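Dear colleague,

I am passing on the structure below, and my notes on what was found in it follow underneath. Please read them with the sequence and the coordinates open beside you.

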Amino acid sequence: MPQLSSPDRAASAEVGTSPGFSAEESRRRTAEGFATRVSALADDFPLPGGGRTGERFAALTSAGEQDVCVARLLEGHVDAAAILAELGGPPPRAGERWAVWAAEPPGEGLTAERSGAGWVLNGLKQYCSGAHICTHALATAEAPDGRRLFRVGLGAGTRPVPGTWQALGMAGSDTPDVRFDDVPAEPLGDVESYVHRPGFQHGGIGVAACWYGGARAVARTLLESAVGRGEPFTRAHLGAVDMRLHAAGAVLDQAARDIDDDPLDAAGTARQRGLRVRAFVESVCADVLTHVGRATGAGPLCHDERHARAAADLAVYIRQHHAERDLAELGGLVAGKGSL
């Protein structure tokens with residue numbers, strides 16, 4: 001993983017420096033950045049477990065370091081491509097922008113039912129990142145025989161619900177609820193195959209790579225503050241941040257090697273690996289936010305729009321981690337094996 005260095009302002013133009021906050025402007029800027037990155041993706045962008053997983057994670061980290069909202073949408077697109085490859089669907093075509101809408105919080109949810117020779121989806125799907133810019137989605141829905149994953153073309157029959165994404169952090173990710181009304185859909189894989197495939201665990205680590213990039217972006221403000229200054233407390237905070245970022249990068253690198261060594265999870269270790277990596281990187285991100293905030297005070301959060309957005313975005317994004325629920329599951333796996 002890359003070393004922390006002073007930012008290239010030209011390279012960081014994607015983050016933006018316009019004064020003030022506008023959710024609509026943030027969404028527009030993110031949409032443009034996402035579309036640009038998708039159009040620039042190489043045809044051979046690495047799939048997880050294909051021998052170049054480290055390159056995949058590094059690309060997601062780089063995107064996160066530039067703008068975590070863009071990275072959130074990019075991660076969804078490349079995750080959709082990986083899911084389609086693993087479950088036997090056709091790959092995304094040029095000009096298409098894909099999302100994965102698989103959150104299952106309490107509430108109405110989506111239902112799937114047969115309609116003639118096909119399927120239709122109805123109901124409400126929450127946390128639909130890229131709702132206004134994506135052209136297609138892989139969405140989970142409850143079918144008569146269980147939960148399935150469906151390929152869906154977005155447009156007629158899908159309607160983002162105004163006012164359902166109130167976040168200031170991650171405002172640009174455009175993640176409202178979406179209403180489905182008799183939307184034609186094509187099932188992908190069998191019942192529960194989305195979560196039972198090895199790639200489900202590999203994909204979760206890809207999200208952590210985006211978090212890591214976001215933490216690096218936040219840390220740059222501390223680096224700028226410490227460069228050329230002998231003040232010991234600022235440098236102590238920088239040392240603590242550097243230690244944590246280095247460790248997170250090493251953990252992601254090792255996870256990439258492990259995935260490439262056992263892409264089909266013959267050893268049965270993918271779930272434990274995913275839980276470990278996500279929990280560790282989330283804790284590093286939280287520590288970076290704390291150290292940078294304590295070292296630099298309110299000034300950058302109040303007067304540096306680039307840093308304020310990066311910190312707010314990361315604080316929201318890492319809440320995708322399931323906290324103690326995931327730690328409890330990890331502890332259960334360790335206890336079941338009887339060894340650390």
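**Strand β7 and helix α5**

Strand β6, which covers residues 158-160, pairs with β7 in the antiparallel sense, and three bridges hold that pairing. Within this pairing, threonine 158 stands opposite phenylalanine 180 of β7. Please keep in mind throughout that this is a predicted model.

β7, which comprises residues 178-188, also runs antiparallel to strand β3 (residues 118-125), to which six bridges join it; here valine 120 is the residue that stands opposite proline 184 in β7. Strand β5, made up of residues 146-153, is likewise antiparallel to β7 and is joined to it by four bridges, with valine 152 standing opposite alanine 185 in β7.

The other element I would point out is helix α5, which takes in residues 199-226, 28 residues in number, and which reaches 41 Å from its first C-alpha to its last, close to the 40 Å expected at 1.5 Å a residue. The helix does nevertheless bend, by about 25°, at alanine 219. Because 26 of the 28 residues of α5 are buried, the helix is largely enclosed by the rest of the structure; buried is used here for a relative accessible area under 20%. Just after α5 comes glycine 228, which takes a positive phi of about 80°.

With best wishes

Note on methods
Residues are numbered from 1 along each chain as its sequence is written. This is a predicted model: local features need pLDDT of at least 70, side-chain atom pairs count only at pLDDT 80 or more; totals for chains, interfaces and linings use all residues. Side-chain values use heavy atoms; hydrogens and water are left out. Two strands pair if DSSP finds at least two bridges between them. Helices (H or I, at least four residues) and strands (E, at least two) are DSSP runs, numbered from the N terminus. The expected span of a helix is 1.5 Å times one less than its number of residues. The bend at a residue is the angle between axes fitted to the seven residues ending there and the seven starting there. Buried means under 20% relative accessible area, exposed over 50%, partly exposed in between (1.4 Å probe, protein chains only).
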